[in-house]
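Me: I am new to this structure and would like a close look at a single part of it. Could you take me through its aromatic rings and what lies around them?

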Amino acid sequence: MVEVGYAATSIGAVAARAGVGKDTIYRRWPGKPELVFEAVFTTTDDVPPPDTGTLVGDLTILLQGLVDEFRAPAAAAALPGLLADFAADPELKARIRGDFLAPSKERLLVVFERAVLRGEIAAETPVDLVLDTLAGSVFFHVGLVGEHPDPHLAALLAAVVAKGIEVR
């Protein structure tokens, strides 16, 4: 995809490069958007949630992973085409949300549960909204606007968000 772009990437080409038939690819992914999304935007999903002992420390690590993911050449190549596909196909958007985004968010709940136990945030903190805010900030700054992030972007965003949801 990095070589030819999202539009020119095909299941047939992916299968040929992998040395398998197209049916093998289609058994795992219903189409190109799901394959590309999983290949490009789930690279940190297998990493255990961080446990630095502070919410701001954990969020910094999570955000740095997102920044790195969005800065990758594959993300730059995939994002415009994926966004167009999502806008044109509500079922695709629902599949991405259910198959990839929901499990990713669920995996990160432990970070906020620990923060509640440490007294850093209230139990009623809207964690889904906080996660959307974090991902949206990185997506907008790096993925959409195309800014080269400051080396401290992850730490700065983590500090701003942690301060905003801290117990007062």
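How many aromatic pairs does the structure hold?

Reply: Happy to walk you through it! Please keep in mind that this is a predicted model. The structure holds five aromatic pairs, and two of them share a good starting point, Phe37.

Let us begin with the partner in helix 5. A pair of aromatic rings is described by the distance of the centres and the angle of the planes. For Phe37 and Phe86, the ring centres are 6.3 Å apart and the planes meet at 55°; tilted pairs are those with planes neither under 30 degrees nor over 60 degrees apart, so this pair is tilted. The pair ties together distant parts of the chain, since Phe37 sits in helix 3 and Phe86 in helix 5, with their positions 49 residues apart. Phe37 has a relative accessible area of 8%, and because buried means under 20%, Phe37 is buried. Phe86, at 16% relative accessibility, counts as buried too.

Now turn to the other partner. Phe37 also pairs with Phe100, again in a tilted arrangement, with 5.5 Å from centre to centre and 40° between the planes. This pair, too, links distant parts of the chain: Phe37 is in helix 3, Phe100 is in helix 6, and they are 63 residues apart. Phe100 has a relative accessibility of 12%, so it counts as buried.

Stepping back, these rings belong to one aromatic cluster made up of Phe37, Phe41, Phe70, Phe86, Phe100 and Phe139.

Two of its members bring us to the largest pocket. This pocket holds about 1,000 Å³ of space. Its lining has 36 residues, and those nearest the centre are Phe37, Leu66, Phe70, Leu101 and Ala135. Helix 3 (32-41), helix 4 (55-71), helix 5 (73-88), helix 6 (90-117) and helix 7 (127-144) are the elements that each give two or more residues to this lining. Helix 6 gives the most, with 10 residues. Sorted by class, the lining of the largest pocket has 24 nonpolar, five polar and seven charged residues.

Helix 3 is worth following a little further. In the second largest pocket, which has a volume of about 350 Å³, helix 3 supplies the largest share of the lining, with four residues. That lining divides into 11 nonpolar, two polar and two charged residues.

One last ring deserves a visit: Lys32 lies over the face of Tyr6, 4.3 Å from the ring centre.

Note on methods: Residues numbered from 1 in each chain as written. Predicted model: local features only at pLDDT ≥ 70, side-chain atom pairs only at ≥ 80, totals over all residues. Heavy atoms only, no water. 1 Å grid on protein atoms, 1.4 Å probe; cavity = no way out; pocket = protein on both sides within 12 Å on 5 of 7 lines; lining within 4 Å. Points joined across faces, edges and corners; volume = space filled by probe spheres on them. Nonpolar A, V, L, I, M, F, W, Y, C, P; charged D, E, K, R; others polar. Phe/Tyr/Trp six-rings, centres within 6.5 Å; stacked < 30°, edge-to-face > 60°. Buried < 20%, exposed > 50% of the residue type's maximum accessible area, 1.4 Å probe, protein only. Lys NZ or Arg CZ within 6 Å of the ring centre and 35° of its normal.
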